[in-house]
Amino acid sequence: MQQWEMKETFTFPKQLGNVQENSKIVVEPKWHEEISEDSVVVRGIYVVKGNIQFDHVAREDEIEEGIYIEHMDIEKDHGYFEYALPFSVDFPNDDIEAVSLRINDIKLEPNNGYCSCSWAVHCDVEKKVQAIAEVEEPAPVEEIVVEQPVEEVQPRLQAEKEVESTQMAQTVPHELDFLEQLADAYSRVQIQLKK
């Protein structure tokens, strides 16, 4: 697992006033993986959803640093915005099967007309599991030798040969009869092929 921290500053129009303590943000990662032989590149965005409370006391100065959020849905003293921050992370491809991201420890620090946000990104990398077959040694084979007199084996072989020859004698005439009937049912045609 790898982990890194992200920090971002969001500024707002001066007519909305200062950011209050009851402000909240949610960060959701959305990504896809690009896998090559050498690396795995995870590209995506952090979707930052902010529900910011303002005091509506207009500020005199405009804040120059940070991401300026101009368009917000305003309802009473709260403003809602969404912002997408792109990211790209490159890993060496060490048989990586899947990558998953999750966000923890989201913090928001209000400071006059802007807020500083931070969050921790946890990246879990799943590697391919290679199945290793366990090789078991086979049990030793015991040889069993059965001794039979040679005289008993030869008569049995002769009896088997006699059964086979009588079966062939019975099937051969039947098969020949079938072939003769087949030949009578078809006519023979000779075709001269041109050269």
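Me: What relative accessibility does Asp-124 have?

Reply: Happy to start there: this is a predicted model, in which local features need pLDDT of at least 70 and side-chain atom pairs count only at pLDDT 80 or more, while totals for chains, interfaces and linings use all residues. Numbering starts from 1 along each chain as its sequence is written, and side-chain values use heavy atoms, with hydrogens and water left out. Buried means under 20% relative accessible area, exposed means over 50%, and partly exposed is in between (1.4 Å probe, protein chains only). Asp-124 counts as partly exposed because its relative accessibility is 24%.

Me: Which residue forms a salt bridge with Asp-124?

Reply: A salt bridge here is a side-chain nitrogen of Lys or Arg within 4 Å of a carboxyl oxygen of Asp or Glu. For Asp-124, the closest N and O atoms of the pair are 3.6 Å apart. The partner lies in strand S7 and Asp-124 in strand S8, so the pair ties together parts that are 22 residues apart in sequence. That partner of Asp-124 is Arg-102.

Me: How far apart are the C-alpha atoms of Asp-124 and Ala-98?

Reply: With contact meaning heavy atoms within 4.5 Å, and leaving aside neighbours within four places in sequence, Asp-124 touches Met-1, Ala-98, Val-99, Ser-100 and Arg-102. Ala-98 is 26 residues away from Asp-124 along the chain. Their C-alpha atoms are separated by 8.3 Å.

Me: How many strands are there in the protein chain?

Reply: Helices (H or I, at least four residues) and strands (E, at least two) are DSSP runs, numbered from the N terminus. Read along the sequence, the chain follows the pattern β-β-β-β-β-β-β-β-α. Beside its one helix, the protein chain has a strand count of eight.

Me: In what order do the four strands of the open sheet stand?

Reply: Two strands pair if DSSP finds at least two bridges between them, and the pairing in this sheet is antiparallel. Strand S2 (24–35) and strand S5 (73–75) each have a single partner strand, so they stand at the edges with one side left without a neighbour in the sheet. The order is therefore read from one of these edges, and it is S2-S3-S6-S5.

Me: By how many degrees are neighbouring strands of this sheet turned against each other on average?

Reply: Axes are lines fitted to C-alpha atoms, for helices over the stretch in contact, and angles run from 0 to 180 degrees between N-to-C directions. For the sheet S2-S3-S6-S5, the average ignores direction and comes to 25 degrees.

Me: How many bridges join strand S3 to strand S6?

Reply: S3 spans residues 39–53 and S6 spans residues 78–92, and the two run antiparallel. As one landmark to click on, Val-40 stands opposite Phe-91 in S6. The number of bridges joining S3 to S6 is 15.

Me: Which residue in S8 is the bridge partner of Met-6?

Reply: Strand S1 (residues 2–11) and strand S8 (residues 114–127) run antiparallel, joined by 10 bridges. S8 is also joined to S7 (residues 96–111), by 13 bridges, among them the one between Pro-110 and Cys-115. On the S1 side, the partner of Met-6 in S8 is Trp-119.

Me: Is Thr-9 buried or exposed?

Reply: Thr-9 is found in strand S1. Not counting residues up to four places away in sequence, Thr-9 touches Gly-66, Ile-67, Tyr-114, Cys-115 and Ser-116. With a relative accessible area of 18%, Thr-9 is buried.

Me: What phi does His-56 have?

Reply: His-56 lies in the loop between S3 and strand S4 (67–68), and is partly exposed, with a relative accessible area of 37%. Asp-105 in strand S7 also deserves a look, with a positive phi of about 50 degrees although it is not a glycine. His-56 is not a glycine either, and its phi is positive, at about 60 degrees.

Me: Which residue forms a salt bridge with Lys-49?

Reply: A search of the whole structure finds three salt bridges, including one between Arg-43 and Glu-34 at 3.1 Å, N to O. In the pair with Lys-49, the closest N and O atoms are 3.5 Å apart. Lys-49 is in strand S3, and its partner sits 21 residues away in strand S2. That partner is Glu-28.

Me: What share of the accessible surface of the protein chain belongs to carbon and sulfur atoms?

Reply: Accessible areas come from the Shrake-Rupley method with a 1.4 Å probe, and for residues only the protein chains shown count as cover. The surface of this chain comes to about 15,500 Å², and 26% of its 195 residues count as buried. The share belonging to carbon and sulfur atoms is 49%.
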